[in-house]
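Hi there,

Here is the model I said I would pass on. My notes on sheets and helices follow below it.

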Amino acid sequence: MTLDLAAVAADHGLNDTEYQRVLQILGREPNVVEIGVFAAMWSEHCSYKSSKVWLKTLPTTGPQVVCGPGENAGVVDIGDGQVCVFKMESHNHPSYIEPYQGAATGVGGILRDVFTMGARPIANLNALRFGSPKHPKTRHFVSGVVAGIGGYGNCMGVPTVGGECTFHPAYDGNILVNAMTVGLAKRDGLFFSAAKGVGNPVVYVGSKTGRDGIHGATMSSASFDADSEAKRPTVQVGDPFTEKLLLEACLELMATGAIIAIQDMGAAGLTSSSFEMASKGGLGIALELDKVPMRETGMTAYDLMLSESQERMLMVLNPGQEERARAIFEKWELDFAVIGRTTDTGRMVATMNGKVELDLPIDPLAEAAPQYNRPWTPTPKRPTIAPGDVTVPNDPIAVLRTLLGTADLASKRWIWEQYDSSVMADTVVGPGGDAAVVRVHGTKKGLALSSDCTPRYCYADPVEGGKQAVAEAWRNLTAVGAKPLAITDNLNFGSPENPEIMGQFAGCIQGIGAASRALDFPVVSGNVSFYNQTEGRAILPTPTIGSVGVVADVARIASIGFKAEGEAIVLIGDGPGHLGSSLYLREIEGREDGAPPPVDLAVEHTNGDFVRAEIASGAVTSCHDVSDGGLLVAIADMAMASRLGATLDVPAGAPPIHAWLFGEDQGRYVVAVRDAEALVARARRAGVKAAVIGRTGGRELTIGGFRSISVEELRSIHEGWLPAYMAGP
Amino acid sequence: MRAAVIVFPGSNCDRDAAVALTKIVGRAPAMIWHRDTELPKLDLIVVPGGFSYGDYLRSGAMAARSPVMREVIKRAEAGVAVLGICNGFQILTEAGLLPGALMRNAALKFICRPVHLRVETTATAFTRRYKKGQVVTFPIAHGEGNYFAAPEVMKRLEGEDRVAFRYTSPDGRIDPAHNPNGSLGAIAGILNERRNVLGLMPHPERASDPLLGFGGTGAAMFEGLIEAVAA
């Protein structure tokens with residue numbers, strides 16, 4: 001039977017132009033294994049072909065940056081010869097198909113990205129977006145994804161300390177699972193993926209290779225071999241126990257100096273890891289595929305090159321170190337095999353039982369990877385909604401009750417109590433605050449960590465939405481007293497082939513870039529996930545920002561709960577009470593329209609620097625940024641966290657009551673202080689707007705001129721929604 | 001006090017135990033790999049939390065049959081203090097050092113949260129530094145902590161004052177709303193007959209540093225052990 005190779009290439013997702021380029025590079029027709037490799041390497045996931053032109057515009061440098069995008073994860077300096085290694089990555093499609101395993105292997109993958117670089121993972125976060133709570137499958141997704149994330153992270157013994165979870169019908173057909181890992185390493189103890197030296201052993205460690213995760217969804221066996229057993233395209237299956245052993249074994253081996261280069265086998269498995277190592281090192285690699293530890297018999301070169309079996313690593317060792325390395329992996333009861341050597345040919349040559357199965361030039365394949373400057377149309381601006389265009393509520397407390405019981409604002413305790421947040425005994429602030437704070441082991445320093453994005457803003461105005469995501473991340477780190485260092489961007493969008501979606505992407509990148517530059521908050525790693533759409537219906541543009549900051553002393557941080565009775569509540573920052581694209585508009589008025597709140601990056605910077613200094617001086621111990629739901633929700637959060645009440649007085653000159661209480665103006669914080677006068681005076685000198693708006697005390701939340709509500713009642717509404725929903729029909 | 005922490009493949013609270021011990025005892029414990037068959041002279045053996053052998057088969061079942069456990073059992077029989085925390089408690093029940101079993105949490109989900117524990121007895125080195133009836137706060141983090149034992153075992157545990165900790169409300173009341181996993185008798189930790197082996201699901205080692213938000217009440221368990229050794 002003769003194969004129609006062009007058709008096989010098309011089945012693999014290579015378009016005509018791309019296939020012609022393959023022919024040009026090779027000067028001959030590729031075989032099926034080679035088509036599989038090209039398709040994997042040139043896939044959107046591995047090549048960033050639609051996003052690269054835009055990603056290049058992002059700021060990625062700064063004095064704190066040790067390693068920007070391009071390695072497995074980003075690296076920033078945290079002083080004392082230590083670095084923080086971090087990245088966020090999506091596992092959206094697999095999690096939709098099989099929520100438990102999809103989410104679990106998402107966590108496994110991002111953990112490997114971090115420990116591949118020589119860092120011990122010290123914290124996980126995750127950002128989850130589900131469809132409407134009314135959608136019949138949403139409960140199934142929530143319970144599976146959460147169990148999968150917990151199942152993997154808990155077994156690894158890495159605390160899951162924070163994240164976010166929201167719901168919107170735009171995610172009904174495409175849920176998002178974005179997982180972030182933060183690791184700690186010595187600055188001079190980092191490992192990279194570039195191979196060095198000719199004739200050095202290429203070593204495979206970890207789990208055996210099976211047929212799981214082979215990108216075979218579009219390939220029926222009949223397309224190229226009617227007799228062969230049907231491919232078994234499945235979502236990868238995670239084994240966190242093996243990964244825990246792999247982590248310990250890799251760190252143990254790294255300490256010996258035996259490793260020249262190391263790369264985890266993630267998407268496109270052995271293909272991408274081997275090409276990456278060879279390409280970065282300007283070398284070739286000769287692989288003997290029959291040496292790869294296999295889970296089942298009858299595996300082909302195609303299977304071995306493209307399997308996405310989990311918990312595997314590829315390494316180049318210093319010559320003569322094989323036995324030392326083998327002993328460590330045997331101690332940890334993991335597979336270890338020398339499966340090849342580095343060469344000076346610049347080619348990837350893979351043999352199986354002596355037969356050449358693949359022979360490809362490495363650089364042309366990498367350099368000639370297609371890049372598209374896809375057409376895009378800017379998202380039309382929406383009109384700003386004035387407070388006067390929105391009905392004024394009679395009873396703001398009733399509005400608060402409604403808001404705290406909505407899916408987006410309700411407590412996510414049901415989720416995060418399924419994650420071990422206290423293992424490693426360094427979690428100073430776990431889930432539920434503005435940013436998590438994890439102590440740097442053995443020091444008094446801490447890392448502040450957050451995950452942020454407001455997709456409804458990004459949909460309404462991608463540029464402002466992109467800015468806002470970065471600004472909110474910066475604000476959340478600031479609100480605990482941390483100095484923001486850098487971000488990782490996990491960009492989730494629909495199809496880049498649709499100019500409107502590409503317009504959303506371009507806009508978000510412009511916004512992220514602008515905020516990142518203005519706030520000295522560079523992007524050091526990231527991931528792009530396109531094609532999050534079903535039957536032409538795309539998700540809301542969701543550029544999740546994972547962020548890291550540093551605090552000098554974990555004993556001197558702020559948290560959201562009020563600390564004492566009789567303290568003054570001060571609002572830092574101000575604004576006209578922007579209700580466009582707010583939760584108030586969506587949940588109370590049933591409208592999702594209007595321009596989102598604009599972000600003034602200069603004001604953001606000034607206000608944040610002021611708050612951070614006030615926390616450092618000890619003047620402020622309770623602090624919360626104002627975000628979703630506006631001022632009253634922020635104050636309710638502070639009350640609920642402490643079970644301490646508050647009384648608010650609407651200041652003279654405030655915007656209309658609904659705009660003041662529920663507007664989502666940016667760049668704002670609520671702080672509680674003993675000496676309000678002094679704080680307000682310092683703010684005035686710093687050019688920061690600060691207004692005393694109330695006092696802490698009692699067990700009720702009271703707004704002057706309106707009724708009160710007990711903090712306990714707020715808590716029961718806030719805590720009640722998710723457990724009740726999950727217990728539902 | 002000479003202490004050791006046993007390390008199984010998949011243990012992940014071994015470091016936390018070692019950090020707490022180092023800080024409180026003043027010197028680092030010996031870390032004992034599960035394949036070791038000889039132990040140094042010891043006053044305390046900690047069987048730490050985690051997912052030994054990935055919790056495959058049944059949590060604690062495989063670790064209980066690891067080479068090092070034969071030696072741990074011998075030492076326990078010789079009177080050395082043995083502390084099993086979380087997965088360590090599961091291992092000790094599987095190894096027969098403690099009676100009963102830890103089943104899946106009643107809600108069938110992993111639960112991580114601070115819990116309130118009432119100290120039920122101070123007649124053991126592990127709790128001598130607490131007051132009887134004192135309520136302490138330790139975190140739990142487990143999917144299988146639902147203590148179960150046959151009625152005659154329960155009767156003996158109660159009759160012999162071998163329940164060390166129970167889950168309670170913050171003011172020390174037994175209340176189903178404050179029993180996080182459905183444990184029989186709200187049992188969080190138990191002793192062997194000789195009172196030198198304690199197994200408990202909550203984590204005293206994570207509650208030993210006051211900075212971590214649990215009040216630092218876990219440290220007293222290790223201080224009690226030091227005191228008992230010195231006595």
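Two strands count as paired if DSSP finds at least two bridges between them, and the elements themselves are DSSP runs, helices being H or I over at least four residues and strands E over at least two, numbered from the N terminus. With that in hand, in S2(B) the residue bridged to B:Val5 is B:Met31.

Some housekeeping: this is a predicted model, in which local features need pLDDT of at least 70 and side-chain atom pairs count only at pLDDT 80 or more, while totals for chains, interfaces and linings use all residues. Residues are numbered from 1 along each chain as its sequence is written, chains are lettered from A and ligands numbered from 1 in the order in which they are written, and side-chain values use heavy atoms, with hydrogens and water left out. The model scores ipTM 0.97 and pTM 0.96. Chain B has an average pLDDT (the predictor's confidence in each residue, from 0 to 100) of 96, and 100% of its residues score at least 70.

**Chain B**

The B:Val5 bridge belongs to a parallel pair: strand S1 (residues 3-7) of chain B is joined to S2(B) by four bridges. Both strands sit in an open, mixed sheet of nine strands, ordered S2-S1-S3-S4-S11-S10-S9-S6-S7 (chain B). Its edges are strand S2 (30-33) and strand S7 (135-142) of chain B, each pairing on one side only. From one strand to the next, the twist averages 25°; for angles, axes are lines fitted to C-alpha atoms, for helices over the stretch in contact, and the values run from 0 to 180 degrees between N-to-C directions. Helix H4 (residues 151-159) of chain B lies across strand S9 (163-168) and strand S10 (187-191) of chain B, at about 75° to S10(B).

**Sheets in chain A**

Chain A has an open sheet of six strands with mixed pairing, in the order S1-S2-S3-S6-S4-S5 (chain A). Strand S1 (65-67) and strand S5 (160-167) of chain A each have a single partner strand, so one side of each is left without a neighbour in the sheet. Ignoring direction, neighbouring strands of this sheet are turned by 20° against each other on average. Helix H7 (residues 99-115) of chain A packs on the sheet, in contact (heavy atoms within 4.5 Å) with S3, strand S4 (120-130) and strand S6 (176-186) of chain A.

Further along, strand S24 (residues 646-648) and strand S27 (residues 700-703) of chain A pair in parallel over three bridges, with A:Thr702 as the partner of A:Thr647. S27(A) is also joined, antiparallel, to strand S28 (residues 708-710) of chain A by three bridges. In that hairpin, which has four residues between the strands, A:Gly705 takes a positive phi near 90°.

**A helix pair in chain A**

How do helix H9 (residues 240-254) and helix H12 (residues 322-331) of chain A cross, and at roughly what angle? Their axes come within 9 Å and cross at roughly 155°. H9(A) and H12(A) are therefore roughly antiparallel, since angles under 35 degrees count as roughly parallel, over 145 as roughly antiparallel, 65 to 115 as roughly perpendicular and the rest as oblique. Among the residues making the contact are A:Leu246 and A:Cys250 of H9(A), and A:Ile328 and A:Phe329 of H12(A).

Best wishes
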